[in-house]
Amino acid sequence: MDEARRQWHQQHSESWLQLVAALHREGWEAEVTCVAAPVQVEGTLPSGERFYFRARHGDVSLGIGGDNPADIPEWEASESHQEASYLTAAVGGTMIRRLARRYREERYS
């Protein structure tokens with residue numbers, strides 16, 4: 001891996017770890033399980049439901065609930081995003097929060 005690519009990967013990985021730290025401060029339990037191709041974050045929402053966030057190709061999705069939200073979630077929604085496989089943490093943070101808000105609105109309204 002050349003130096004520029006290595007630096008990009010390191011910065012990209014660090015930005016996702018910073019996002020997870022911010023989510024922890026908001027009451028989420030979250031872990032980045034992959035930072036690119038696909039981007040994956042797993043854990044529990046502040047309300048306790050398990051979630052699986054994935055960004056790959058042109059699709060970003062959030063699955064919530066069920067025995068394994070990565071496989072068969074009780075609730076799932078997705079959004080399109082060009083270059084989702086290399087989604088930045090800044091955009092990913094906005095998307096995961098927006099999808100979680102949509103879940104709360106649909107589930108608890």
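**Figure 1. Two helices and five strands build the protein.** The model shown is predicted. Along the sequence, the elements follow the pattern α-β-β-β-β-β-α. One helix therefore opens the pattern and another closes it, with the strands between them. Strand E1 covers 29–35 and strand E2 covers 39–44. Strand E3 spans 50–56, and strand E4 spans 59–64. Strand E5 runs over 75–80, and helix H2 takes up 89–108.

**Figure 2. The overall dimensions agree with those of a compact globule.** The radius of gyration is 14 Å. A compact globule of 109 residues would have a value near 13 Å, so the two agree. Along the principal axes, the C-alpha atoms fill a box of roughly 50 × 30 × 20 Å. Contacts between residues at least 6 apart in sequence were also examined. Of these, 36% join residues at least 24 apart.

**Figure 3. Surface and charge of the protein.** Of the 109 residues, 40% are buried. The exposed area is about 6400 Å². Carbon and sulfur atoms supply 46% of that area. The side chains include 12 positive and 17 negative ones. The centres of these two sets lie 3 Å apart.

**Figure 4. A cis peptide bond joins Ala37 to Pro38.** Omega of this bond is near 5 degrees. Pro38 sits in the loop between strands E1 and E2. Strand E1 ends at residue 35, and strand E2 begins at residue 39.

**Figure 5. His57 has a positive phi in the loop between strands E3 and E4.** Its phi is near 55 degrees, and His57 is a residue other than glycine. Strand E3 (50–56) lies on one side of the loop in sequence, and strand E4 (59–64) on the other. Is His57 buried or exposed? The relative accessibility of His57 is 56%. Exposed means over 50%, so His57 counts as exposed.

**Figure 6. Glu83 has a positive phi in the loop between strand E5 and helix H2.** Phi of Glu83 is near 65 degrees, again in a residue other than glycine. The loop that holds Glu83 links strand E5 (75–80) to helix H2 (89–108). The relative accessible area of Glu83 is 53%. That value is over the 50% cut-off, so Glu83 is exposed.

Terms used: Residues numbered from 1 in each chain as written. Predicted model: local features only at pLDDT ≥ 70, side-chain atom pairs only at ≥ 80, totals over all residues. Heavy atoms only, no water. Helix = DSSP H or I, 4+ residues; strand = E, 2+ residues; numbered from the N terminus. Rg over C-alpha atoms; globule rule 2.2 N^0.38 Å. Buried < 20%, exposed > 50% of the residue type's maximum accessible area, 1.4 Å probe, protein only. Contact = heavy atoms within 4.5 Å. Areas by Shrake-Rupley, 256 points an atom, 1.4 Å probe, with all protein chains shown as cover. Lys, Arg positive; Asp, Glu negative; His and termini not counted. Charge placed at Lys NZ, Arg CZ, Asp CG, Glu CD.
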